[in-house]
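Visitor: I should like to take a close look at a single part of this structure. Would you please guide me through its sheet and the elements around it?

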Amino acid sequence: MIDCKHEKRGKFITFEGCDGCGKSTQLALFDQYLTSEKIPHIFTREPGGGKISEAIRNLLLDGKNSEMTDECEALLYAAARVQHLHDRVEPALRAGQLVICDRYVDSSVAYQAGGRGLPETFVRQINAAALGNYLPDATVFIDLPPEEAFRRKHGADPSDRLEQAGLDFHRRVYAAYKKLAAEFPDRILSVDGRNTPEGIFQEIVSALRKKNCL
Ligand code: TYD
């Protein structure tokens, strides 16, 4: 089990949202901001962020793996997550760095439980068994309904197994995110994804400052 009571730990911030919500744009803006403010930080992403978890990522996102069961998918995400925590997140937090992670356990609740329809207790339990109560200090949820995301993207990317699942799947993912945001209002900071990129960015920075994460 990972020791979270270490002194001078950095803060752990995760970014969440439906595919195409503008997360990558905000992560890039945030990176520029942290660099210009000279705040020591690392950016990382799930699934991935290390040799083993990148190998699991390739398995998960490969369009040829369409026979993968939903349970196998959920377990692989949890496996990639615990390895990634061990390899990248925890060492950086212990070194006092701010860790920004593109997706974390909320993605599993939203995609594997909400989207795929696995029981939420199963998804929560496998993650809890692997991670304990290892939660971020703050989670930024970019709230953009999937209809709007699809419109912006001019349709799905056909080579991506998850994007093929279509609009109904993404509607369920979005509903699960909204439920999580309502359930954990202290941790999950919702920002309106329909705002301008600059407006969203300002909202994110001020919300994170209020939470003493910056
Ligand atoms: P990626 O190409 O990194 O997309 P994005 O830029 O939207 O994050 O692919 C990650 C995909 O994996 C994305 O569709 C969400 C999905 N995913 C899950 O289904 N469950 C999870 O636990 C995680 C972390 C991601």
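Guide: The account below begins with the sheet, follows its strands outward, and then turns to the loops and helices. Please bear in mind that this is a predicted model.

The sheet is open and consists of five strands in the order 2-3-1-4-5, with parallel pairing. Strand 2 and strand 5, the latter covering residues 188-192, stand at the edges. Each of these two has a single partner strand, so one side of each is left without a neighbour in the sheet. On average, neighbouring strands are turned by 20° against each other, direction ignored. As a general matter, the strands of a sheet pair through backbone hydrogen bonds, either parallel or antiparallel.

Let us now consider strand 4. Strand 4, residues 138-143, pairs with strand 1, residues 12-16, in the parallel sense over four bridges. Strand 4 is also joined to strand 5 by five bridges, and these two strands run parallel as well. Val140 illustrates both pairings: Phe15 stands opposite Val140, and in strand 5 the bridge partner of Val140 is Leu189.

How many of the residues of strand 4 are buried? Six of its six residues are buried. The cover extends to both faces: Ala138, Val140 and Ile142 are buried on one side, and Thr139, Phe141 and Asp143 are buried on the other.

Two of these residues lead to the next region. Phe141 and Ile142 are among the contacts of Gly17, when neighbours within four places in sequence are left aside. The other residues in contact with Gly17 on that basis are Lys23, Arg103, Tyr111 and Tyr177. Gly17 lies in the loop between strand 1 and helix 1. Its relative accessibility is 0%, and buried means under 20%, so Gly17 counts as buried.

Gly17 also appears in a record. An unreviewed UniProt entry places the feature "binding site" at Gly17, Cys18, Asp19, Gly20, Cys21, Gly22, Lys23 and Ser24. Ser24 belongs to helix 1. Whereas Gly17 is buried, Ser24 is exposed, with a relative accessible area of 54%.

Beyond helix 1, which spans residues 23-36, a loop leads to strand 2, and Lys38 is found in that loop. The phi of Lys38 is near 55°, a positive value in a residue other than glycine. At 72% relative accessibility, Lys38 counts as exposed.

After strand 2, residues 41-45, comes the loop to helix 2, residues 51-61, and this loop holds Pro47. The peptide bond from Glu46 to Pro47 is cis, with omega near -15°.

A pair of helices completes the view. The axes of helix 3, residues 70-94, and helix 4, residues 105-115, come within 10 Å and cross at roughly 175°. An angle over 145 degrees counts as roughly antiparallel, and helix 3 and helix 4 are therefore roughly antiparallel to each other. Which residues meet in this contact? Glu73, Ala74, Tyr77 and Arg81 in helix 3 meet Val105, Ser108 and Gln112 in helix 4. By class, the contact has three nonpolar, two polar and two charged residues.

Finally, Asn212 is found in the segment after helix 8, residues 197-210. Asn212 has a positive phi of about 60° although it is not a glycine, and Asn212 is exposed, with a relative accessible area of 58%.

Note on methods
Residues numbered from 1 in each chain as written. Predicted model: local features only at pLDDT ≥ 70, side-chain atom pairs only at ≥ 80, totals over all residues. Heavy atoms only, no water. Axes fitted to C-alpha atoms, helices over the stretch in contact; angles between N-to-C directions. Parallel < 35°, antiparallel > 145°, perpendicular 65-115°, else oblique. Contact = heavy atoms within 4.5 Å. Nonpolar A, V, L, I, M, F, W, Y, C, P; charged D, E, K, R; others polar. Buried < 20%, exposed > 50% of the residue type's maximum accessible area, 1.4 Å probe, protein only. Pairing = 2+ DSSP bridges. UniProt positions renumbered as here; feature names shortened; annotations may be inferred.
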